[in-house]
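Open the model in your viewer and keep the sequence panel beside it. The stops below each begin with something to select.

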Amino acid sequence: MTEQKLFVYNSLTRTKEEFIPLNPGHVGMYVCGPTVYSDVHLGNCRTFISFDLIYRYLLHLGYKVRYVRNITDAGHLEGDSDEGEDKVSKKAKLEQLEPMEIVQKYTVDFHKVMEIFNTLPPSIEPTATGHIIEQIELVKTILDAGFAYEVGGSVYFDVEKYSETHDYGELNGRKLEDLLNNTRTLGGQDEKRGKLDFALWIKAKPEHLMQWPSPWGMGFPGWHLECSAMSNKYLGHQFDIHGGGMDLMATHHTNEIAQNIACCGKTPAHYWVHTNMLTVNGQKMSKSVGNSFLPYQLFTGEHALLRKGYSPMVMRFFFMQASYRSTVDFSNEAIDAAEIFYKKLAESAKKLAALQQQKIGNIDEETDKTINGFCDDCYASMNDNFNSPKTLEALNNLSKWINSYAATTRNSGEIRTETFDRLRKTYNAFFFDVLGLKLEDTEGGDTDELMQLIIKLRNEAKTNKDYATSDKIREGLKQIGFQLNDSKQGTTDWIRI
Ligand SMILES: [Zn+2]
């Protein structure tokens, strides 16, 4: 571990705080995972890549990290509310499949995309359907504590009761009166007592595809409940970091905190970490605006907004160029610039692997000091709330020296052997281990994995008789030099042309 202190921005206190884990040397981190009912879009990828950076840096510092990221496979209703259809069930009906077939398909695809972006798998990836018993137990505890009530087979959290003794809007920095004023009035049909009350357990209609027996009849858990149940189970009543996208703060995380305090008397996490959005040409990425594209469209360039395809590492690098708390705006120009920058740093990593210290001339004290300073900068910037753009600047400074030193007509100064070793160790540690970047120009390995994913997605389009998409993928790949080999058995192979 380094001697420098790590500072983390805590959404709960709205300040940057020194990171002190509850158990020295150990970190418990919970991140809200995907709802597996459709393809993961790039905005979600950014969230998980941001937490991958945090996870990787904590590991690099020597912490033993238990990283829990859930899979939501039931209970997430349309519009993130307590009414409407379950997202997974709706898709299952639409595709005439079992809900668990939908879950399996999109979970497998999600894992593949995460692997292509070189994110490390979490330590535990629990599912909502795998923890129904724990969720029912939690509802019982909250009922016993007097913070919930049952109405006709559903159980609701009593926000106004909770607010008598606790600050419900704490995470969002909102007063209860403001929240009440901004919520629609209850209609005659509503079972809820208060406007802000939310469902812990929802009575299922007979036709609802996923339902379980409970003390309150057949039903299913409310969306917020699973994260409280699973974080409690795997990380305890209190743990270090709870993360997710910023859009989860106002409702999902606010309700999670209320549930945990109601059942265990404690705010579950010490540090609440939220990642910002990905925008496209200044606009929020959204299907209705037509500016939302999927990872494979980015790789193949098959989207009206894309000038060409970009590799997963270029995209990952592009995300690292902004702090996780800032919005990232996607444009062809911005990602073109990221591509050039990524290639420059990757080239230096390759040169460094082959570089031997030449020990020509005397030690240039000034240069030696400067190189040590750049190595310090890598840590200082990551210790400042995981500031990856600043880390890239430090790597860029080291890269300049590497290039100059590797050149035959070099004009860089000689440095001490310890400094040279430190430079090599630091550059490799930050480029590969912390920022999670890989070198991409070797054939086989990564390229093949990526091509196999694209082939699979194209085969699916063909199975769904979506020939327009399947042709687009084929033509798009051809333009960037990849030929798919179609056969009667389908497509399984590709070559470079
Ligand atoms: Zn969650």
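A residue counts as buried here when its relative accessible area is under 20%. With that cut-off in hand, select helix 10, residues 312-320: nine of its nine residues are buried, so the helix is mostly covered. The buried residues, to be labelled one by one, are P312, M313, V314, M315, R316, F317, F318, F319 and M320. Bear in mind throughout that this is a predicted model.

**The whole chain**

Zoom out and show the C-alpha trace. Along its principal axes the trace spans about 85 × 60 × 35 Å. A compact globule of 497 residues would have a radius of gyration near 23 Å, and the protein has 25 Å, which agrees. Colour by secondary structure, and there are 16 helices and 15 strands to find.

Switch to a surface view. The protein exposes about 22100 Å², and carbon and sulfur atoms supply 50% of that area. Of the 497 residues, 54% count as buried. Among contacts with a separation of 6 or more, 72% are between residues 24 or more positions apart. If you colour by charge, there are 55 positive and 67 negative charges, and their mean positions are 3 Å apart.

**The zinc ion**

Select the zinc ion next. Which protein atoms are its donors? They are SG of C32, SG of C227 and NE2 of H252, at 2.0 to 2.1 Å from the ion. Along the chain these donors follow the spacing C-x194-C-x24-H. The two cysteines link distant parts of the chain, being 195 residues apart. C32 sits in the loop between strand 3 (26-31) and helix 1 (42-60), while C227 belongs to helix 7 (residues 223-235). Both C32 and C227 are buried.

**From helix 1 to strand 4**

Follow helix 1 into the loop that leads to strand 4 (64-69), and select L61 there. L61 has 5% relative accessibility and so counts as buried. Add L6 to the selection: L61 and L6 are 55 residues apart along the chain, and their C-alpha atoms are separated by 9.6 Å.

Now move to V65 in strand 4. Is V65 buried or exposed? At 13% relative accessibility, V65 counts as buried. Leaving aside residues up to four places away in sequence, V65 touches V27, Y55, L58, L59 and S123. For a long distance line, draw one from V65 to T183: they are 118 residues apart in sequence and 39 Å apart in space, C-alpha to C-alpha.

**Strand 7**

Select A199, found in strand 7 (residues 198-203). A199 is buried, with a relative accessible area of 1%. Not counting residues up to four places away in sequence, it touches D82, V155, Y156 and G222. E18 is 181 residues from A199 along the chain, and the C-alpha atoms of the two are separated by 36 Å.

**Two residues with positive phi**

Most residues other than glycine have a negative phi. The next two selections depart from that pattern.

Start with N118, in the loop between helix 3 (99-116) and helix 4 (132-144). Its phi is near 60 degrees, a positive value in a residue other than glycine. N118 is buried, with a relative accessible area of 17%.

Then go to K465, in the loop between helix 15 (445-463) and helix 16. K465 also is not a glycine, and has a positive phi of about 60 degrees. Its relative accessible area is 62%, so K465 is exposed.

**Helix 16**

From K465, continue into helix 16 (residues 467-479) and select T469, which lies in that helix. T469 is partly exposed, with a relative accessible area of 22%. Which residues does T469 touch, not counting those up to four places away in sequence? They are Y296 and A461. Finish with a distance line from T469 to G436: the two are 33 residues apart in sequence and 31 Å apart in space, C-alpha to C-alpha.

Conventions
Residues are numbered from 1 along each chain as its sequence is written. This is a predicted model: local features need pLDDT of at least 70, side-chain atom pairs count only at pLDDT 80 or more; totals for chains, interfaces and linings use all residues. Side-chain values use heavy atoms; hydrogens and water are left out. Donors are N, O and S atoms within 2.8 Å of the metal (3.2 Å for Na, K and Ca); water is not among the atoms, so sites may look incomplete. Helices (H or I, at least four residues) and strands (E, at least two) are DSSP runs, numbered from the N terminus. Buried means under 20% relative accessible area, exposed over 50%, partly exposed in between (1.4 Å probe, protein chains only). The radius of gyration is taken over C-alpha atoms; the globule rule is 2.2 Å times the number of residues to the power 0.38. Contact means heavy atoms within 4.5 Å. Accessible areas come from the Shrake-Rupley method with a 1.4 Å probe; for residues, only the protein chains shown count as cover. Lys and Arg count as positive and Asp and Glu as negative; His and the chain ends are not counted. The place of a charge is taken as NZ of Lys, CZ of Arg, CG of Asp or CD of Glu.
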